[in-house]
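Work through the exercises below with the structure open beside the text. Each task is followed by a solution in steps.

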2 protein chains.
Amino acid sequence: MQKYIVGVDIGGTTIKLAIFPVGERATETWEIKTTDREHILEIWKDIADAIRAKFAELGYDMTQLAAVGMDLPGPICDNGYLPWCVNLGMGACYPAKELSDVLGGVPVAACNDANAAALGEVYYGAAKGADNAALFTLGTGVGGGIIVGGRIVAGNRGIGGEVGHFVVNPDETEKCNCGNRGCLEQYCSATGMVRMAKKLLAKGELKSKLYDLPEDAITAKDICDVAKEGDELGLEVIDIYSKYLAIAASHITLTVDPDVIIIGGGVSKAGAILIDKVAEYVAEYTHIAEKKPAIVLAELGNDAGTYGSAALASQLL
Amino acid sequence: MQKYIVGVDIGGTTIKLAIFPVGERATETWEIKTTDREHILEIWKDIADAIRAKFAELGYDMTQLAAVGMDLPGPICDNGYLPWCVNLGMGACYPAKELSDVLGGVPVAACNDANAAALGEVYYGAAKGADNAALFTLGTGVGGGIIVGGRIVAGNRGIGGEVGHFVVNPDETEKCNCGNRGCLEQYCSATGMVRMAKKLLAKGELKSKLYDLPEDAITAKDICDVAKEGDELGLEVIDIYSKYLAIAASHITLTVDPDVIIIGGGVSKAGAILIDKVAEYVAEYTHIAEKKPAIVLAELGNDAGTYGSAALASQLL
């Protein structure tokens, strides 16, 4: 009888779910709200109920559920422990075990959301077939995932792939959200890019169309857009941004030798103007590598979590 | 019947060999010269002959040879390919396959020498039992090894663990041996430490006993020795050195979450004055990690290669 894997992507407001016939792409996707419950720990029961209801609707028997994978926005250690997850207001628990218990012992695996995205791209997306890979998600923050031998590297503290907090500028004076100074996230998140642009605008040394915008309204997209048109200041921001990202990417390259470095998240929508510059600096900063890792755009977008979670679950079979 | 593993550590002038009863430490070690042959590719035959002769001497039958591991000073890709090995004047070959062939098909595994040292420390030394670990060898150059899930991470290009060429200072103007600028090796090798000291001596802003030495005679040991006595310039060199090493170590930490970071090589003999400072900066640069990786001194010294090679061979069984 056909067996299925369910991938569950738990975000702060929405839980995305998808059903995958084993070895195939998703055939069914749906969502539930993360916040429709009195206590966050009811989340496991809600997810189980959602799976049961969808299986009933589709005429599947629950014995056809081979495994469940899930990801959430927090660190998950190699032993399955989640020390904390600020966005979900939970922590100090073993998510996979909790969900497996309410599902009557079905095998469940859990991981960090950016780690899931990396695995998803390796199984189904831009890095298909890569042995080792690294992913950067460039959004409000900077996340990442490291894949070695086709498996997520999380580590005993779950900090594998926490690339957003690489200190890339020890001389930075402003603080990162994490409390440290000089983290990659301070430059290569969308807000980081805007911060750099505002600093250059304040200096007033470079010409820019951005001077025509209200300063508080400037977005990362605006910066990339004017850069594409040759804006002097916009191009300078892209250059600094790419250097910092390439420092991180090159260090990862000389650590785990990824075949592919995947760039995802909102900022990656800038496309070639960013990717090409990053690739140029990665090539420079990995001088000893005869062959450079491919730098590619992520393909799975908002489905990365469910696909990656399903890929993780498939490793339990 | 007792089975044995042989670990072979191939250096530019000497080949170290050691016999390990499976699951135990070395019971026999010996050396042959690397250079006693007309053509480097006779090396495989020489190693096989050396193993056969030693087995005969000890009264072991060659059927008791379960596996051989070896390391050499070049990159070895995941598929066993050695693209180049400057020190041995060879390249474009599959060392493990070559040796296995002359040994009549005995399983053989090969890896980079610093990678072997890392694995050796995880199996037998300072990082015993670690799942993930990283090693820096701080000598004439800076080498390294990355262990994830108890296995070496080499990658498809064999550049996993090439930590000496992390660009840690993109503003550097002088060139590294690799041709790039700003590599970790330019600061954290023994010669790099001396280079930094000479720069500070030339500036003349800090007091130092090193002014009493002929400039060309200053060694890394001299710098560490005066620093231990509180020398102003010596301590400044240790500080800069530790910052650069910690940048690299922290990036590795946020990539593969090592339980232990092992520091080996000649410079590591400086001991606590260096290790403590590195640990201090690693803690600072891994702000988001609640528990910091342990920073420890390597234990295996010159035996790291044979022990690590034997550990690698044991993974074939």
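**Exercise 1. One side of a helix**

Task: Find what the buried residues of H6(A) pack against, and work out how these residues are placed around the helix axis.

Solution. Note at the outset that this is a predicted model.

Step 1. The buried residues of H6(A) pack against three helices of chain A: H5 (190-203), H7 (232-256) and H8 (272-285).

Step 2. Within H6, which spans residues 220-228 of chain A, the buried positions are Ala220(A), Ile223(A), Cys224(A), Val226(A) and Ala227(A). Because they cover an arc of only 165 degrees around the axis, they lie on the same side of H6(A).

Step 3. The spacing follows a general rule. An α-helix has 3.6 residues a turn, so residues three or four places apart point the same way.

Step 4. Look just past the helix: Gly230(A), just after H6(A), has a positive phi of about 90 degrees.

**Exercise 2. A loop residue before the helix**

Task: Decide whether Ala217(A) is buried or exposed.

Solution.

Step 1. Locate the residue: Ala217(A) sits in the loop that runs between H5 and H6 of chain A.

Step 2. Count neighbours. There are 9 other C-beta atoms within 10 Å of Ala217(A). The cut-off for an exposed residue is 12 or fewer, so Ala217(A) is exposed.

Step 3. Check a distance. Ala217(A) and Val194(A) are separated by 23 residues in sequence and by 9.7 Å in space, C-alpha to C-alpha.

**Exercise 3. A strand residue in between**

Task: Classify the exposure of Ala66(A) and list what Ala66(A) touches.

Solution.

Step 1. Ala66(A) belongs to strand E4 of chain A, residues 65-72.

Step 2. Ala66(A) has 19 C-beta neighbours inside 10 Å. A buried residue needs 20 or more, so Ala66(A) counts as partly exposed.

Step 3. Leaving out residues up to four places away in sequence, Ala66(A) touches Lys3(A), Tyr4(A), Ile5(A), Val22(A) and Leu317(A).

Step 4. For a pair far along the chain, take Ser314(A): 248 residues separate Ala66(A) from Ser314(A) in sequence, and the C-alpha atoms are 8.6 Å apart.

**Exercise 4. A positive phi outside glycine**

Task: What sign does phi of Asp257(A) have, and where is the residue placed?

Solution.

Step 1. Recall the background: most residues other than glycine have a negative phi.

Step 2. Phi of Asp257(A) is near 45 degrees, which is positive, and the residue is not a glycine.

Step 3. Asp257(A) is in the loop between H7 and strand E11 (260-264) of chain A. With 29 C-beta neighbours inside 10 Å, Asp257(A) counts as buried.

Step 4. Repeat for chain B. Asp257(B) has a positive phi of about 45 degrees and lies in the loop between H7 and strand E11 (260-264) of that chain. Asp257(B) is buried, with 28 other C-beta atoms within 10 Å.

**Exercise 5. The core**

Task: Which residues have the most contacts inside the largest nonpolar core?

Solution.

Step 1. The largest nonpolar core has 222 residues. Those with the most contacts inside it are Ala118 and Ile262 of chain A, together with Ala118(B) and Ile262(B).

Step 2. Follow one of them. Not counting residues up to four places away in sequence, Ile262(A) touches Ala118(A) as well as Glu121(A), Ala126(A), Ala127(A), Ala133(A), Leu135(A), Val296(A) and Ala298(A).

**Exercise 6. How the chains meet**

Task: Describe the side of chain B that touches chain A, and say how the two copies are related.

Solution.

Step 1. Contacts link 40 residues of chain B with 40 residues of chain A.

Step 2. On chain B, strand E9 (142-148) and helix H7 (232-256) are the elements that give two or more residues to this side. H7(B) supplies the largest share, 9 residues.

Step 3. By type, the residues on this side are 18 nonpolar, 13 polar and 9 charged.

Step 4. Chain B superposes on chain A by a rotation of 180 degrees with 0.0 Å of shift along the axis, at an RMSD of 0.0 Å. The copies are therefore related as by a two-fold rotation axis.

Step 5. Of the interface residues of chain B, 100% are also interface residues in chain A, so the copies meet through the same surface.

Step 6. Take Glu162(A) as an example of contact across chains: leaving out residues up to four places away in sequence, Glu162(A) touches Gly144(A), Leu254(B) and Ile288(B). Glu162(A) is in the loop between strand E10 (151-152) and helix H4 (185-188) of chain A, and is buried, with 31 other C-beta atoms within 10 Å.

Step 7. Finish with the confidence scores: the model has ipTM 0.97 and pTM 0.97, and chain A averages a pLDDT of 96.

Methods
Residues numbered from 1 in each chain as written. Chains lettered and ligands numbered in written order. Predicted model: local features only at pLDDT ≥ 70, side-chain atom pairs only at ≥ 80, totals over all residues. Contact = placed C-beta atoms within 7 Å. Helix = DSSP H or I, 4+ residues; strand = E, 2+ residues; numbered from the N terminus. Nonpolar A, V, L, I, M, F, W, Y, C, P; charged D, E, K, R; others polar. Least-squares fit on C-alpha atoms with pLDDT ≥ 70 in both. Arc of directions from axis to C-beta. pLDDT = per-residue confidence, 0-100. Core = buried A, V, L, I, M, F, W, Y, C linked by C-beta atoms within 7 Å.
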